[in-house]
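User: Got a minute to go through a model with me? I'd like to chat about rings and cavities.

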Amino acid sequence: MTDTHTPTPTDAQSPEERRKLARRTVLAAGSVAVTAVGVGSAFAATDGTTDAETGARTEASPSASEGACYTLTSELVEGPYYIDADKLRQDVTEDQAGIPLHLTLKVIDAETCKPLRNAAVDIWHCNASGVYSGYESSGSGGGGGGTPPTGAPTDAPTGTPTGPPPGGGGGHQEPTDDTRYLRGTWHTDRHGHVTFKTVFPGWYQGRCVHIHVKVHVDGEWTDAGYEGGHTCHTGQLFFDEKSVLLSAEVEPYASNTTTRTTLDEDTIYPDNGHEGGLLYLKYDRHHIARGVRGHLTLGVEPDETNNG
């Protein structure tokens, strides 16, 4: 029988040789390991499809790349509507109506595969009408202007947006008001996990449905918030088109008539799947209004600074 034992790195080897050997060891272990993902009883898994001939459900299992090492999560633009961490909380919903979203992120060092403990994670996104807190006077899309729309949504945009997509690119803008709904910061646990309770985001012209995210390290937690350190990751989280179309049938999303940009048409989504921020989602496709669970592993470089 062929000996498949992977040699152990030694001090006699160069740092580059030890790094390559460690990487082979991780990959070899990953090839025979299978991780089962548990789903809460309140949310049914609906990532799969229905077999056209048998009618049986076929569930799609999470890709092995979800927790893969040496794969960095794409760095994307911060957008103009970020507000420094001044709301240390996991439940960011406040009084916003919408489909409940239970979001779990795991933050790992993409070089070592180790979870990042006590990192500060920010999320922020628009409400069902496409409005960002802190920028309500700007209307739908933070910079889109106009009044919140009413009526049935469209499945695809009717025109091509011009200029930087609202809420996606451009320089930072100072807040116009004191609202802070759908924004929050919380720390990762010893396993690198952080969980937020929010609502499924809406949309505004020029952008697909998304959530902004930042990861900060080497700072300190104080009574005033998270201070110091640096931002090692700035990205965005995305939703597949199937889930967005289902959400559009539920109020208050059904009252949003703003021209909607699909995932494929978005100019910021890097079109590289989960590596680019595409969430794994679980929900009852017949009753999405009951709630959605989303999760993703973020591979970051803790020694780098990425402010977006």
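User: Are Tyr 81 and Tyr 135 buried or exposed?
Analyst: This is a predicted model, to start with. In it, Tyr 81 is buried and Tyr 135 is buried too.

User: How are the rings of Tyr 81 and Tyr 135 arranged, and why is the pair called that?
Analyst: The pair is edge-to-face, because the planes sit at 65° and the cut-off for that class is over 60 degrees. The ring centres are 4.8 Å apart.

User: Which parts of the chain does that pair link?
Analyst: Distant ones: Tyr 81 is in the loop between β2 (57–58) and β3 (100–109), while Tyr 135 is in the loop between β4 and β5, 54 residues apart.

User: Which cluster do ring pairs link Tyr 81 into?
Analyst: One with Tyr 132, Tyr 135 and Tyr 204. Tyr 132 and Tyr 204 make an edge-to-face pair, 5.7 Å centre to centre with 65° between the planes. That pair also links distant parts of the chain, 72 residues apart.

User: Why does Tyr 132 count as buried?
Analyst: Its relative accessibility is 1%, and buried means under 20%. Tyr 204 is buried as well, with a relative accessible area of 1%.

User: Switching topic, how many cavities of 30 Å³ or more are there?
Analyst: The structure holds 2. The second largest has a volume of about 70 Å³. Of its 13 lining residues, those closest to the centre are Ile 83, Asp 84, Arg 183, Gly 184 and Thr 185.

User: How does that lining divide into nonpolar, polar and charged?
Analyst: It's 5 nonpolar, 2 polar and 6 charged.

Key
Residues are numbered from 1 along each chain as its sequence is written. This is a predicted model: local features need pLDDT of at least 70, side-chain atom pairs count only at pLDDT 80 or more; totals for chains, interfaces and linings use all residues. Side-chain values use heavy atoms; hydrogens and water are left out. On a 1 Å grid over the protein atoms alone, a cavity is a set of points where a 1.4 Å probe fits but cannot get out, and a pocket is an open set with protein on both sides within 12 Å along at least five of seven lines; lining residues have an atom within 4 Å of a point. Grid points are joined across faces, edges and corners, and a volume is the space filled by probe spheres set on the points. Ala, Val, Leu, Ile, Met, Phe, Trp, Tyr, Cys and Pro count as nonpolar, Asp, Glu, Lys and Arg as charged, and the others, Gly among them, as polar. Rings of Phe, Tyr and Trp (its six-membered ring) pair if their centres lie within 6.5 Å; planes under 30 degrees apart count as stacked, over 60 as edge-to-face and the rest as tilted. Helices (H or I, at least four residues) and strands (E, at least two) are DSSP runs, numbered from the N terminus. Buried means under 20% relative accessible area, exposed over 50%, partly exposed in between (1.4 Å probe, protein chains only).
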